[in-house]
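Q: I would like a close look at a single part of this model, taken slowly and set in its surroundings.
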Amino acid sequence: MTQPQAAPEVDGDTRSAPMLLVADPDDEMVRELAEALEREGVLVTGVSDGAQALLQAGALRPDVVLVSATLPVIGPVDFVRAVRRARAVPVLLGVGDGHAEQAVQGLAAGATACVARPYRVPELLPLVQAAFPGDAGSRGVFTVGNVELDVGAYQVRVSGMPVHLPLREFELLHYLMRNADRTVTREQIMRHVWHAADAMSTNTIAVHVKRLRARLGDDDDRLIQTVRGVGYRLVTPH
């Protein structure tokens, strides 16, 4: 029996949307910010201290990092210095009342700018979007069968009719369409869609695939096929 062909590894970042890493000890604030920004097409990963932030900044390579002036374990100034030694990623410092000293020290250490905390989406969104260079090879319009995905416009059409997809499902469909007729493993999906270096529940992927099939009208799983024990394959109709 022919073995399924795995999708080749793609060098560099293959995201079709900007990613923001938020380091803030206020979990509720981060959650609300993430929900608001993801509605605007921004991928958000949140951590609660500076040590986690340094780890994720290296693993995820976000387009922008937002750190709170109240960041514990590794403080914001030390965090900025450490990041600046490794990468030129924009670092925004979230400051509120009483954080004037942290703002001055953070900017002196290499922070890109200060933003108001509690965070405001209209202030953050343009800064994140401006820092996202995109991937020229991943932008454009993809068509497989009656499904059309326009990366730049963040639009999906099925038989000419617009279909709204949440951001993760849009990213999943984009990745599958870029690798049409190849089998992509669950590990590759974790890495390129969820940008997760660690193993995550395969049920999470299965749930998103199920929802994506439903939105695309793929009731018989002919478009997005499950390759048992390996992953998934988006098939071009003949």
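What covers the buried residues of H3?

A: In this predicted model, the cover over the buried residues of H3 includes H2, S3, S4 and helix H4, which spans 100-109. The buried residues of H3 themselves are Pro76, Val77, Phe79, Val80, Ala82 and Val83, and the helix as a whole takes in residues 76-86. A general point about helices helps in reading such a list: an α-helix has 3.6 residues a turn, so residues three or four places apart point the same way.

It is useful to begin with the sheet, since two of the covering elements are strands. Here 5 strands form an open sheet with parallel pairing, in the order S2-S1-S3-S4-S5. Strand S2 (43-47) and strand S5 (113-116) each have a single partner strand and stand at the edges, so one side of each is left without a neighbour in the sheet. On average, and with direction ignored, neighbouring strands of this sheet are turned by 25° against each other. Within that order, strand S3 (residues 64-68) and strand S4 (residues 91-95) run parallel and are joined by 4 bridges, and Val65 stands opposite Val91 in S4.

Two helices can now be placed against these strands. Helix H2 (residues 50-60) packs on the sheet, where it touches strand S1 (19-23) and S2, and the direction of H2 makes about 170° with that of S1. Helix H3, for its part, lies across S3 and S4 and runs at about 175° to S4.

The remaining named part of the cover is H4, and its packing against H3 can be described in some detail. The axes of H3 and H4 cross at roughly 10° and come within 9 Å; with angles under 35 degrees counted as roughly parallel, H3 and H4 are therefore roughly parallel to each other. On the H3 side the contact is made by Val77, Val80, Arg81 and Arg84, and on the H4 side by Gln102, Gln105, Gly106 and Ala109. By residue class, the contact of H3 with H4 divides into 3 nonpolar, 3 polar and 2 charged. Val77 and Val80 of H3, which take part in this contact, are also among the buried residues of that helix.

Another helix pair in the chain can be set beside this one. Helix H1 (residues 27-38) and helix H5 (residues 121-130) pack with their axes 11 Å apart and at an angle of about 60°, and H1 and H5 are therefore oblique to each other. Their crossing is right-handed. The contact is made by Leu33, Ala36 and Leu37 of H1 together with Val121, Leu124 and Leu125 of H5. The residues of the contact of H1 with H5 comprise 6 nonpolar, no polar and no charged, whereas the contact of H3 with H4 includes 3 polar and 2 charged residues.

For the wider setting, the secondary structure of the chain comes to 8 helices and 12 strands, and buried residues make up 46% of the 238 residues in the chain. Among contacts between residues at least 6 apart in sequence, 61% join residues at least 24 apart.

How values were computed: Residues are numbered from 1 along each chain as its sequence is written. This is a predicted model: local features need pLDDT of at least 70, side-chain atom pairs count only at pLDDT 80 or more; totals for chains, interfaces and linings use all residues. Side-chain values use heavy atoms; hydrogens and water are left out. Two strands pair if DSSP finds at least two bridges between them. Axes are lines fitted to C-alpha atoms, for helices over the stretch in contact, and angles run from 0 to 180 degrees between N-to-C directions. Contact means heavy atoms within 4.5 Å. Buried means under 20% relative accessible area, exposed over 50%, partly exposed in between (1.4 Å probe, protein chains only). Angles under 35 degrees count as roughly parallel, over 145 as roughly antiparallel, 65 to 115 as roughly perpendicular and the rest as oblique. Ala, Val, Leu, Ile, Met, Phe, Trp, Tyr, Cys and Pro count as nonpolar, Asp, Glu, Lys and Arg as charged, and the others, Gly among them, as polar. A crossing is left-handed if the near helix is turned anticlockwise from the far one by less than a right angle, and right-handed if clockwise.
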